Amino acid sequence: GTNWNILSSGTTSFLMSVYFNDTNTGYAVGTDGKIIKTSDGGANWILLNSGTSNWLGSVYFTDFNTGFATGYNGTILKTIDAGANWTILTSGTNSELQSVYFTDFNTGYVVGSTGTILKTTNAGLNWSLSTYGTFYNYFRSVFFTDANIGYAVGNNGVIIRTFDAGVSW
């Protein structure tokens, strides 16, 4: 981390999240529904068609082909062909969805504004909605250390933890 190189993304949109499947293949998401992809370690980036103009705040892949992006107005996108096509999924919320994380191919979590916590156990086909705390909780990131233990962090120093795969926090 001593030396950093500036790369050309090909967009002036704010980029909010980045995820790499391997050394060469990576994705970044941002405002205006931007999704960009590199296949050469970041030297070149191509713009993908996300199918939305909502800002996107997070991107995560469960394998080389299957990925998810989340964002404003309850947006959850899924690709099963390495980003060539993205499908808009039904999230059941209008919250700003800030972060997505999967513990395996089927089980994933999304967190966002108004204390929103979403969970899927069928690779995004359905999402169960719960909230934590008050309307003013705003979760920014979610991460799991294994299938059961996870953390979400947010505004005002909030940190919550689950020991039971999101059943309780």
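**Exercise 1. Positive phi outside glycine**

Task: For Thr114, which lies in the loop between β10 (108–112) and β11 (116–120), establish what is noteworthy about its phi angle and whether the residue is buried, partly exposed or exposed.

Solution: The model is predicted, and the angles discussed here are computed from it. Step one is the backbone: Thr114 has a positive phi of about 50 degrees, although it is not a glycine. Step two is the accessibility: with a relative accessible area of 23%, Thr114 counts as partly exposed, because buried residues must fall under 20%. Step three is a second case, Ala82, which is likewise no glycine and has a positive phi of about 60 degrees. Ala82 sits in the loop between β7 (76–79) and β8 (87–89), and its relative accessible area of 9% makes it buried.

**Exercise 2. The open sheet**

Task: Work out in what order the strands of the 4-stranded open sheet are arranged, and which strands stand at its edges.

Solution: The order is β1-β2-β3-β4, and the pairing is antiparallel. At the edges stand β1 and β4 (46–48), each of which has a single partner strand, so that one side of each is left without a neighbour in the sheet. From one strand to the next, the twist averages 25 degrees. Turning to one pair in detail, β1 (residues 15–20) and β2 (residues 26–30) run antiparallel and are joined by 5 bridges. Val18 has Ala28 in β2 as its bridge partner, and the hairpin that joins β1 to β2 passes through 5 residues.

**Exercise 3. The largest nonpolar core**

Task: Identify which residues touch the most other members of the largest nonpolar core, and which strand supplies its largest share.

Solution: The core has 20 residues, and those that touch the most other members are Ile76, Val110 and Trp127. At least two residues of this core come from each of β9 (97–102), β10, β11 and β13 (139–144), while the largest share, 4 residues, is supplied by β9. The contacts of Ile76, leaving aside residues up to four places away in sequence, include Phe68, Ile88, Leu97, Val110, Leu118 and Trp127. Apart from this core lies another, of 11 residues, among them Ile35, Phe61, Ala69 and Leu77.

The strand β9 deserves a further step. Of its 6 residues, 6 are buried, and the strand is accordingly described as mostly covered. It pairs with β10 in the antiparallel sense over 5 bridges, and Val100 has Val110 in β10 as its bridge partner. Between β9 and β10, which form a hairpin, there are 5 residues.

**Exercise 4. Two aromatic pairs**

Task: Among the 15 aromatic pairs that the structure holds, decide whether the rings of Trp55 and Tyr72 are stacked, tilted or edge-to-face, and then do likewise for Phe61 and Trp86.

Solution: For Trp55 and Tyr72, the ring centres are 6.4 Å apart and the planes stand at 40 degrees, so the pair is tilted. This pair links distant parts of the chain, since Trp55 is in the loop between β4 and β5 (56–61) and Tyr72 is in the loop between β6 (67–71) and β7, 17 residues apart. Tyr72 is partly exposed, with a relative accessible area of 38%.

For Phe61 and Trp86, the centres are 6.3 Å apart and the planes stand at 85 degrees, so the pair is edge-to-face. Here too distant parts of the chain are linked: Phe61 belongs to strand β5, Trp86 to the loop between β7 and β8, and 25 residues separate them. Both Phe61 and Trp86 are buried.

How values were computed
Residues are numbered from 1 along each chain as its sequence is written. This is a predicted model: local features need pLDDT of at least 70, side-chain atom pairs count only at pLDDT 80 or more; totals for chains, interfaces and linings use all residues. Side-chain values use heavy atoms; hydrogens and water are left out. Two strands pair if DSSP finds at least two bridges between them. Buried means under 20% relative accessible area, exposed over 50%, partly exposed in between (1.4 Å probe, protein chains only). Axes are lines fitted to C-alpha atoms, for helices over the stretch in contact, and angles run from 0 to 180 degrees between N-to-C directions. A nonpolar core is a set of buried Ala, Val, Leu, Ile, Met, Phe, Trp, Tyr and Cys residues joined through side-chain atoms within 4.5 Å. Contact means heavy atoms within 4.5 Å. Rings of Phe, Tyr and Trp (its six-membered ring) pair if their centres lie within 6.5 Å; planes under 30 degrees apart count as stacked, over 60 as edge-to-face and the rest as tilted.
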